[in-house]
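Hi,

Here is the structure I said I would pass on. Have a look at it first, and my notes follow underneath.

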Amino acid sequence: MTILDRLTDRKGLERLWTILPHSRLVGGSVRDLLLANGHAAGEQIHDLDLATPEPPEDVQAKLSGAGIKTIPTGLSHGTVTAVIDRIPFEITTLRRDVSTDGRHAQVVWTNDWAEDAARRDFTINAMSCDRHGAIHDYFNGQDDLASHRVRFVGEAGRRIEEDALRILRFFRFDARFGTDRPDEEAMAAIMSHADLIDGLSAERLASEMLRILEGPNLIRTLLLMKQADILERIVPHSRIARLERALAYGVPSDGTLRLGLLSDAPDLAEKLRLSGKQAQRLAGMKPPRKGKAEVKAGAGESACVGYPVLFPGLDETALRVLLSGHTRQALVDRSWYEQAMATDGAQPDAEQVDASCSGGMRQDSDARPSDWNDLRERLEAMEMPVFPLAGRDVIGAGVPAGPKVGAVLSGLVAWWRAQGCRPDRVACLAALKEQLPLFERDGGR
């Protein structure tokens, strides 16, 4: 019996081995198979990546000749993706680095497995497994895996100089496979090369940071990153204690949510070049900064634009009104932030945050975690209220197309929310007819 027997489905892999008999499983799949116990564990191993001595053009030709769909994922880097039964298998030609600039490497092909393994990041990721189930381990990765030790292949400083992103990868893998005592050589190399982080692209930093935030042993990992002068370079104004409280309350493994709980930096989304959706989520979690425009508050809102005040004591009507103006996700995110802030001794950047937006929960700090969970359950179960009229209804009532239509609609929405978002279409049409004479007498303002 070999580790390959721990896979629940080997058909695609066996087919590839009939075409590329000298190829081997590499990287994380070998590591995870060594850790797996039984078929149930094997089901969790999805990414079966292979390496092969053949050049990528030959690999693609052989696969296509056997009727297997191929995708030239990265021919310049030696990678071809084979798709079998809708399952992708990345197949990469053995490589050695010719030169590196701290972000990218120039490579050439090789047929030396040890040379290819030497360019990988950690010993536990540098193992390979052939079609017979034999493990090829050039850097004692199996011993490190058994000892829960994450160790760079070769000289740690050199590996980091080749690609500084390996600093973050170390913290991510150490959180999953390491112990409370990280490898001393690795930490020393990270501390002496911390400034290399500043030269990485925001997108690469964000991708790794979000994966760290979604992973295990998070607080220990963040404290190690802070100790090594890494955390503040990526996530300034970090509030580890606040995130720790949220974790104790059961905050889900959602990288964007946890990032918002970790930092109050106003330009974080721009700094990390997050997507528009991610940036919107971060902005919606926090009180607006000083200098933001204010509007008259509606039911369940503070005096700040679009800022929902949440606390467990809100009744169904107040929650319904909030849901009419915010996404469910925004309110749930906001609830986690408010819950964590409720027991925080310090206000978030008090000199910069608008005092009128200090947050509702700090008026109700005795709420229990179960009360907050109940609030979120109510939010998840509640049907999203939708205002039943549109601009065409206002035009149909006699208001000429133009800015006046929006003004009338805004007044009706305010009235509808004041009624707890309960009036249906018939009631709203009646209110429209009643309000039109008042609107006309007021000159359309």
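Let's start with a helix: which residues are exposed on the other side of H19? Before I answer, please keep in mind that this is a predicted model.

**Helix H19**

The answer is Glu377 and Ala381. To see what they are opposite to, look at the buried residues of H19, which are Trp372, Leu375, Arg376, Arg378 and Leu379. These lie on the same side of the helix, because they cover an arc of only 155° around the axis. Their packing partners are helix H17 (316-325) and helix H18 (328-342). The length of H19 works out too: it has 13 residues (369-381), which at 1.5 Å a residue should span 18 Å, and the end C-alpha atoms are indeed 18 Å apart.

**Helix H11**

H11 (residues 218-227) is another story. Here 7 of the 10 residues are buried, so the helix is largely enclosed by the rest of the structure. The buried ones are Leu218, Ile219, Arg220, Thr221, Leu222, Leu224 and Met225. If you want to see what they pack against, show helices H8 (166-177), H9 (184-192), H10 (202-214), H12 (231-234), H13 (240-249) and H14 (255-262). After H11 comes Asp229, which has a positive phi near 65°.

**Two more positive phi values**

Arg86 also has a positive phi, near 65°, and is not a glycine. You'll find Arg86 in the loop between strand S4 (79-84) and strand S5 (87-93). With 81% relative accessibility, Arg86 is exposed.

Cys421 is another non-glycine residue with a positive phi, in this case near 60°. Cys421 sits in the loop that runs between helix H21 (403-418) and helix H22 (425-441). Is Cys421 buried or exposed? Its relative accessibility is 8%, so Cys421 counts as buried.

**Cysteines**

How many disulfides does a search of the whole structure find? The count is 0. As you know, a disulfide is a covalent bond between the sulfur atoms of two cysteines. Take Cys428 as an example: the closest cysteine sulfur belongs to Cys421 and is 9.5 Å away, which is too far for a bond. Cys428 is buried as well, at 0% relative accessibility. Cys129 is likewise buried, with a relative accessible area of 0%.

Shout if anything is unclear.

Cheers

Key
Residues numbered from 1 in each chain as written. Predicted model: local features only at pLDDT ≥ 70, side-chain atom pairs only at ≥ 80, totals over all residues. Heavy atoms only, no water. Helix = DSSP H or I, 4+ residues; strand = E, 2+ residues; numbered from the N terminus. Buried < 20%, exposed > 50% of the residue type's maximum accessible area, 1.4 Å probe, protein only. Disulfide = S-S within 2.5 Å. Expected span 1.5 Å × (residues − 1). Arc of directions from axis to C-beta. Contact = heavy atoms within 4.5 Å.
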